[in-house]
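Here is a short note for someone opening this structure for the first time. Please keep the sequence and the 3D view side by side while reading.

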Amino acid sequence: MRWENGAWNWGWRVIIGRVIGAVERGRLRKAVETRRGISEPEPQIPNDTFTRLKFGGEDTLRPGEHLFSSHTLTDDKFHDHCGVFAVYGHPEAAKLAYLGLYALQHRGQESAGIAATDGKRLVSHKGMGHVAEVFTEGALAGLPGHSAIGHTRYSTAGDTDLKNAQPIMVSCQKGQVALAHNGNLVNAVALRRELEGRGDIFQTSSDSEVILHYFARSKQSGIPESVADALDKVVGAYSLVMLFKDTVYAIRDPRGFRPLNLGKLNGSYVVASETCAFDLINATYVREIEPGEMLILDGRGLTSLRFSPPVPHAQCIFEHVYFSRPDSLIFGRSVQSSREMLGRLLAREHPVEADLVVPVPDSGVSAAIGYSDESGIPLRFGLIRNHYIGRTFIEPSQAIRDFGVKLKLNPVRSLLDGKRVVLVDDSIIRGTTSRKIVRIVREAGAKEVHVRISCPPTVSPCYYGIDTPTRKELIASTHSVDEIRRFIGADTLGYLSLEGLRQAVDDKQGRYCLACYTANYPTTVQEPLLAARNRE
Ligand code: SF4
């Protein structure tokens, strides 16, 4: 048997790979512990530090050199849970839903689905991947009818699996119903246990399904009453669209965590998480669905009902900071205006002598415009983003430092060389990506790098439909601003204050949720969720 023998060589690589992997993992752990003891603060090493090698179908994690690898790109950003869309009374309802979902793609890229009705029965089509991949002409032709609802999903509750793709469609004694949900229920685990204890069988592992179970179980005879009955049980964030044979429901939870908007297209009504979906189909924005409102769209027009007594509102402020598209109106405000104001206030709170304001694209662009306008320091696009990378890619055999970030962002050396740079971004989550970006800017010749963040330090995880790391992985939960500055390698670091954040969205009445900056949650959160987000 010789080294060149492929099968033999492969077998030994498997064994050697596992042994070296185990030894190296130990070494790396030790090295990290040692570094922590003697120098700058080091947060938990995230998974993207490792390269995942696949040998014979098994995974071995090994840092450093490798033969080949499939690298998963993590972007150290919060991710929204989902986007929802609905249309009532249009002959091409499914096609409009498809276009609406297209505009909402940024809110979820794991799966997409549409359910439609022709007044006699509901049909649906769902798949994993982007909207353009899931829907073909043929798939849309199989969704006839005048009304439809659609969903794009990024999982925060439930596994990444086709069975969790939405809309969830069921038949019960009240007829066929489909549901699409943006948000997260904070008591779903307990409710599900209770329902399973009573013999209910769930078809998904998603929190949204409990609403349908309580709807089906309701003793009320009317549909609106049964929906209200179900919503009475759940706590948390939900912007819902529901489809029945000849009716569409649009519902927002009493605190209004997630956005939901009403639009009009000729004689038809449309509903969407963000108004950018209306622009694509030439619909006009009418208004927000109010927190605690159940809006029924049917042959009689619009019927607005209140399904819960009023409670203090808790609209997610992060929708304005990062999640929503800048061309959307969210909670009745222009996201672009909010972000520019965040940048202006940031410049007032954290001025610095510098030559250039450089946004971290795309999320830092609007705030950087505001910072530049307010400070008078010229704005330059010193980092160029590659928009055409997927979630995984093949790395070269020689390790390249900061490869993942370089794949996404490339510095413009001719702009940065010898300059004092203000680098503007919307948030620092783990700190690892910010550190790589600062290093890239320095390596391109920047003389000084001053990082400015257009929100306060993110110290707490979200339970309301945003995919966040655990508390321990959030660098600001355990490190001071100066420790973070040293970790990311910036000359100075400035975060916008909480007062500045509220001022930027004109929040005089305390209508926003600020929990990821304050840890003051607007609802109680049940133990299983708390444990999951606070785990080591
Ligand atoms: S905790 Fe943060 S991300 Fe979650 S709803 Fe509140 S403000 Fe938004």
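The numbered points below go from the whole chain to single residues.

1. Status and overall make-up. This is a predicted model. The chain has 536 residues, and 47% of them are buried. Its secondary structure comes to 19 helices and 29 strands. Among contacts between residues at least 6 apart in sequence, 72% join residues at least 24 apart.

2. The open sheet. Start with the sheet of 6 strands. The sheet is open, and its strands pair antiparallel in the order 9-10-11-12-16-17. Strand 9 (168–172) and strand 17 (301–306) are the edge strands. Each has a single partner, so one side of each lacks a neighbour in the sheet. From one strand to the next, the twist averages 20°.

3. Strands 9, 10 and 11. A hairpin of 2 residues links strand 9 to strand 10. These two strands pair antiparallel over 5 bridges. Ser171 can serve as a landmark here: its bridge partner in strand 10 is Gln176. Strand 10 (residues 175–182) also pairs with strand 11 (residues 239–243), again in the antiparallel sense and over 5 bridges. On that side, Asn182 stands opposite Ser239 of strand 11.

4. Helices on the sheet. Which strands does helix 6 touch? Helix 6 (residues 209–217) packs on the sheet against strand 9 and strand 10. The direction of helix 6 makes about 15° with that of strand 9. Helix 7 (residues 223–231) packs on the sheet too, touching strand 11, strand 12 (248–252), strand 16 (293–298) and strand 17. The direction of helix 7 makes about 150° with that of strand 16.

5. The buried face of helix 7. Which residues of helix 7 are buried? They are Ser226, Val227, Ala230 and Leu231. Viewed down the helix axis, the buried residues fall within an arc of 140°, so they line one face of helix 7. Their packing partners are helix 6, strand 11, strand 12 and strand 16.

6. Strand 25 and its partners. Now turn to another part of the chain. Strand 25 (residues 420–425) is mostly covered, with 5 of its 6 residues buried. Strand 25 pairs with strand 21 in the parallel sense, over 4 bridges. Strand 25 also runs parallel to strand 26 (residues 448–453), joined to it by 6 bridges. Val421 is a useful residue to find. Leu356 has Val421 as its bridge partner in strand 25, and Val421 stands opposite Val449 in strand 26.

7. The ligand shell. What surrounds the ligand? The residues are Phe257, Cys316, Ile317, Phe318, Cys462, Tyr464, Ile466, Cys513, Leu514, Ala515 and Cys516. By class, the shell divides into 11 nonpolar residues, no polar and no charged.

8. Two cis peptide bonds. Most peptide bonds are trans, and most residues other than glycine have a negative phi. Check the exceptions in this point and the next. The bond from Gln166 to Pro167 is cis, with omega near 5°. Pro167 sits in the loop between strand 8 (147–153) and strand 9, and strand 9 is an edge strand of the open sheet. A cis peptide bond also joins Pro361 and Asp362, where omega is about -10°. Asp362 is in the loop between strand 21 (356–359) and helix 11 (365–375). Strand 21 is the parallel partner of strand 25 in point 6.

9. Two positive phi values. Asn282 has phi near 65°, a positive value in a residue other than glycine. Asn282 lies in the loop between helix 8 (276–280) and strand 15 (284–288). Is Asn282 buried or exposed? Asn282 has 9 other C-beta atoms within 10 Å. A residue counts as exposed at 12 or fewer, so Asn282 is exposed. Ala519 also has a positive phi, near 65°. Ala519 lies in the loop between helix 18 (515–518) and helix 19 (527–534). With 12 other C-beta atoms within 10 Å, Ala519 is exposed as well.

Note on methods: Residues numbered from 1 in each chain as written. Predicted model: local features only at pLDDT ≥ 70, side-chain atom pairs only at ≥ 80, totals over all residues. Near = placed C-beta within 6 Å. Nonpolar A, V, L, I, M, F, W, Y, C, P; charged D, E, K, R; others polar. Pairing = 2+ DSSP bridges. Axes fitted to C-alpha atoms, helices over the stretch in contact; angles between N-to-C directions. Contact = placed C-beta atoms within 7 Å. Buried ≥ 20, exposed ≤ 12 C-beta atoms within 10 Å, placed from the backbone. Arc of directions from axis to C-beta.
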